[in-house]
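Here is a walk through one protein model, with an eye on its charged pairs and its surface. Have the viewer open and follow along.

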Amino acid sequence: MKDIKKQLEQYYTQLTDIFNTADNSPKLLHRKNVLKRKEDEELLTGVVVVSLIVIILLSLGYYFAVFAPQQAELDNLKQEKINQVNTLLQDDEGHNREAIIQEIERQNTVDELESMDVESMVYPMLKNTLLEQLNGYKDKYDRVEITTDNSTDIMSITHAKAYINSSEANTLSTITVSPVDSVIMPLSINRKQAASGLITVGNVVDIYKTQNNEISQEESDEENISMENQPTTSTRIVGGSRVVSILRSKDSGSIEQNLELSQSPKSRNYSQTSSLDIEQILSSKAAGVYNEKELKVLLDDYGTRLAGYERTSQIGELDVEYIIMVEVPRDSVEDLINNMDNIILAIPTYDAPSWVKL
């Protein structure tokens, strides 16, 4: 038994020595290398997995926190610029619009897009197109129709060029040039509406209409506005209308004169009343009573001279009525007829009468 016990102890000691020894036997060394490689591979795999997770998390964070907002801002700004181009060049039939849009699409940063001034890029295209149309659409009097903001103006080529050259891109984009298509129509208006009755044949006028902004009784009470004093607005219907003729009401042609005389040494007073009716004189002339020379001295530009005297004396007949024949674009006739009681004739300063001193 003792021999067996010693032998077991000896085997145990040998096994322990084998595992603890620095023996470099091939089998043991191979086993150690295999275990070490597995540990290294597991460690490397863990590092790679953790690194990938960190990279993915950082990428997602950058995308949602930085890249996505920047890209959204870039796309929104691009679309804003493109919409601006489409608005300004909505009637462009060439490649100008496409070229500018492609230039916008090529920009990669917000700063590059913000540095693009679309209005400056579009302005010469709009201006040159309109200036070319002027010569193509002018009539025999060197005039064209300029339509913008629902108002139509009959302009000379010189005035139209000045208007186009002084306008910005946003205004130019709303301008339409077309041939003059006008009619001569009568306006039955009072003195206040007729530019104070101081216009003469050949003058140019702009025509506005006024209208009350209707408000309810509740709104009137809340804002302390009486129904009789509702706010009004004005809109220009026509510009550049030329006055063709003016008829002043008959009352302005009735002239009465009182003459008183005294005689001495005996006191005697004489009075004489005379009256003159221009309308009757015209009727008499039509019947052949007056000759042309007598009529010309009396009536030549009577209405114009009377208005001039009223202007210089600052005293005039305020209740007089007028029928004024004006040249207006054909498409404005219906609006003028429907608003005859609410129109106002205004004298534009660019073509004002000679007596206007600014």
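## Salt bridges

Ten salt bridges turn up in this structure, which is a predicted model. A good one to start with is the pair Lys138 and Asp142, whose side chains meet with an N to O distance of 3.8 Å. Both ends have some access to the outside: Lys138 is partly exposed, its relative accessible area being 39%, and Asp142 also counts as partly exposed, at 39% relative accessibility.

Now go to Glu327 and Arg143, where the side chains form a salt bridge at 2.8 Å, N to O. Glu327 sits in strand E9 (residues 321-329) and Arg143 in strand E1 (residues 143-148), so this pair ties together parts that are 184 residues apart in sequence. Buried or exposed, what are Glu327 and Arg143? Glu327 is buried, and Arg143 is buried too.

## Another link between strands

Arg236 and Asp153 make a salt bridge as well, with their closest N and O atoms 2.8 Å apart. Here the partners belong to strand E6 (residues 232-248) for Arg236 and strand E2 (residues 151-156) for Asp153, so parts 83 residues apart in sequence get tied together. The two ends don't fall in one exposure class: Arg236 is partly exposed with a relative accessible area of 26%, whereas Asp153 counts as buried at 4% relative accessibility.

Back to Arg143 for a moment, since there is a network to look at. Asp139, Arg143 and Glu327 are joined into one network by salt bridges that share partners.

## Patches on the surface

Which residues gather in a patch of negative charge on the surface? They are Glu73, Asp111, Glu112 and Glu114. Helix H4 (residues 110-114) supplies the largest share of that negative patch, with three residues. Glu114, for one, has its place in helix H4.

There's a nonpolar patch to colour in too. Leu44, Val48, Leu52, Ile56, Leu60, Tyr63 and Phe64 make up a nonpolar surface patch of about 710 Å². Take Leu60 as an example: this residue is in helix H2 (residues 26-88) and is partly exposed, with 44% relative accessible area. Patch members need over 30% relative accessible area, so Leu60 clears that bar at 44%.

## A buried loop residue

Next, pick out Val320. Val320 is in the loop between helix H11 (302-313) and strand E9, and at 1% relative accessibility Val320 counts as buried. Since the cut-off for buried is under 20% relative accessible area, that 1% puts Val320 in the buried class.

How far apart are the C-alpha atoms of Val320 and Lys192? The separation is 9.3 Å, although Val320 and Lys192 are 128 residues apart along the chain.

## The chain as a whole

Zooming out, the protein chain has twelve helices and ten strands. Of its 358 residues, 27% are buried. The accessible surface of the protein chain adds up to about 25,000 Å², and carbon and sulfur atoms account for 52% of that.

As for how the chain contacts itself, take the contacts between residues at least 6 apart in sequence: 71% of these join residues at least 24 apart. The pair Glu327 and Arg143 is one case to keep in view here, with the salt bridge linking parts 184 residues apart in sequence.

Methods
Residues numbered from 1 in each chain as written. Predicted model: local features only at pLDDT ≥ 70, side-chain atom pairs only at ≥ 80, totals over all residues. Heavy atoms only, no water. Helix = DSSP H or I, 4+ residues; strand = E, 2+ residues; numbered from the N terminus. Buried < 20%, exposed > 50% of the residue type's maximum accessible area, 1.4 Å probe, protein only. Contact = heavy atoms within 4.5 Å. Areas by Shrake-Rupley, 256 points an atom, 1.4 Å probe, with all protein chains shown as cover. Salt bridge = Lys/Arg side-chain N within 4 Å of Asp/Glu carboxyl O. Patch = residues over 30% accessible without salt bridge, like charges linked within 9 Å, V, L, I, M, F, W, Y side chains within 5 Å. Lys, Arg positive; Asp, Glu negative; His and termini not counted. Charge placed at Lys NZ, Arg CZ, Asp CG, Glu CD.
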